[in-house]
Structures are given as C-alpha cells and as structure tokens.
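Me: Please take a close look at one strand of this protein and walk me through it. Start with the overall layout, then go residue by residue where you can.

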Amino acid sequence: MLDEDQSEELSPDERRQFDRSRLIVDVYFDGSDLTGVASTKDLSLGGLYLNTTAEIPKGATLTLRIPLGEEHIVVQGDVVYSLPGHGVGVRFHSLSEETRALMERALPVQ
C-alpha cells in the first residue's frame with residue numbers, strides 16, 4: 001500500500017490497482033454521522049466513487065450496501081479523497097471471497 005504523501009504525487013492511473021466499471025447504481029452509505037443514498041460513477045474490486053453533495057470527510061469509514069443484479073453486497077471502506085459538493089472516492093477494506101466473486105461476475109468487463 002502506498003504512503004499517503006506518495007499517493008498524492010501519482011497520477012490516478014498509477015494509483016489504480018483494479019479495472020474500473022462504469023456501472024452506475026444507487027449505493028446506500030452509513031458512517032461519519034451520515035446516512036444516505038448516492039450513485040456510483042466508477043466501481044471496481046478496490047473501491048468506488050460516490051456522486052454526492054453530502055460532505056463526507058477524507059478518512060471517514062463508511063458501510064456501503066451496493067446492489068449488484070438481484071443481490072446486494074455490504075462492504076466497508078475509507079474515504080481516500082473528497083470533493084465537497086461533488087463526491088468522494090472510497091477504498092474498500094478487504095473483501096470476502098464471496099463478495100469478490102459476486103463482484104467479478106456482476107461488473108461489466110471493459
């Protein structure tokens with residue numbers, strides 16, 4: 001994992017470990033004294049971007065419920081960057097084997 005100071009110097013492509021999917025779904029989030037629904041912009045096995053006007057601070061831990069087809073997954077992740085008024089980037093904590101397999105089946109191949 002990259003040191004936070006180093007990750008700021010790398011381009012987004014260099015920081016990305018997983019391919020992104022342009023799958024847009026409504027994600028339910030809870031954490032940092034906030035609860036709400038936001039749409040995704042990008043989703044991968046490593047994390048996602050939430051389009052939201054909610055001000056969620058960098059470093060906040062969120063519980064996310066993500067619909068994937070007929071099923072939902074529940075994951076936790078940390079906000080790694082925040083664009084107030086626009087959205088946040090979230091890096092998932094480690095995924096279970098079952099969650100990872102479901103995501104791999106559900107995410108469109110780019």
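Reply:

**A close look at strand β1**

Along the sequence, the chain of this predicted model reads α-α-β-β-β-β-β-β-α. That pattern holds 3 helices and 6 strands. Of the 110 residues in the chain, 36% are buried. Take contacts between residues at least 6 apart in sequence: 47% of them join residues at least 24 apart. The chain's accessible surface is about 7,000 Å². Carbon and sulfur atoms account for 46% of that surface.

Now the strand itself. β1 covers residues 26-31. In a regular strand, side chains alternate between the two faces of the sheet. β1 shows such alternation. Val27, Phe29 and Gly31 point to one face, and these residues are buried. Asp26, Tyr28 and Asp30 point to the other face and are not buried. Buried here means under 20% relative accessible area.

Next, the partners. β1 pairs with β2, residues 34-43, in the antiparallel sense. The pairing runs over 6 bridges. One position to find in the model is Tyr28: its bridge partner in β2 is Val37.

The link between these two strands is a hairpin with 2 residues between the strands. Look for Ser32 there. Ser32 takes a positive phi near 55 degrees.

β1 also joins β4, residues 61-68. This pairing is antiparallel too, with 3 bridges. Here the residue to pick out is Phe29, which stands opposite Leu64 in β4.

To recap, β1 has β2 as an antiparallel partner and β4 as another. Phe29 is on the buried face, and Tyr28 is on the face that is not buried.

Terms used:
Residues numbered from 1 in each chain as written. Predicted model: local features only at pLDDT ≥ 70, side-chain atom pairs only at ≥ 80, totals over all residues. Heavy atoms only, no water. Buried < 20%, exposed > 50% of the residue type's maximum accessible area, 1.4 Å probe, protein only. Helix = DSSP H or I, 4+ residues; strand = E, 2+ residues; numbered from the N terminus. Pairing = 2+ DSSP bridges. Contact = heavy atoms within 4.5 Å. Areas by Shrake-Rupley, 256 points an atom, 1.4 Å probe, with all protein chains shown as cover.
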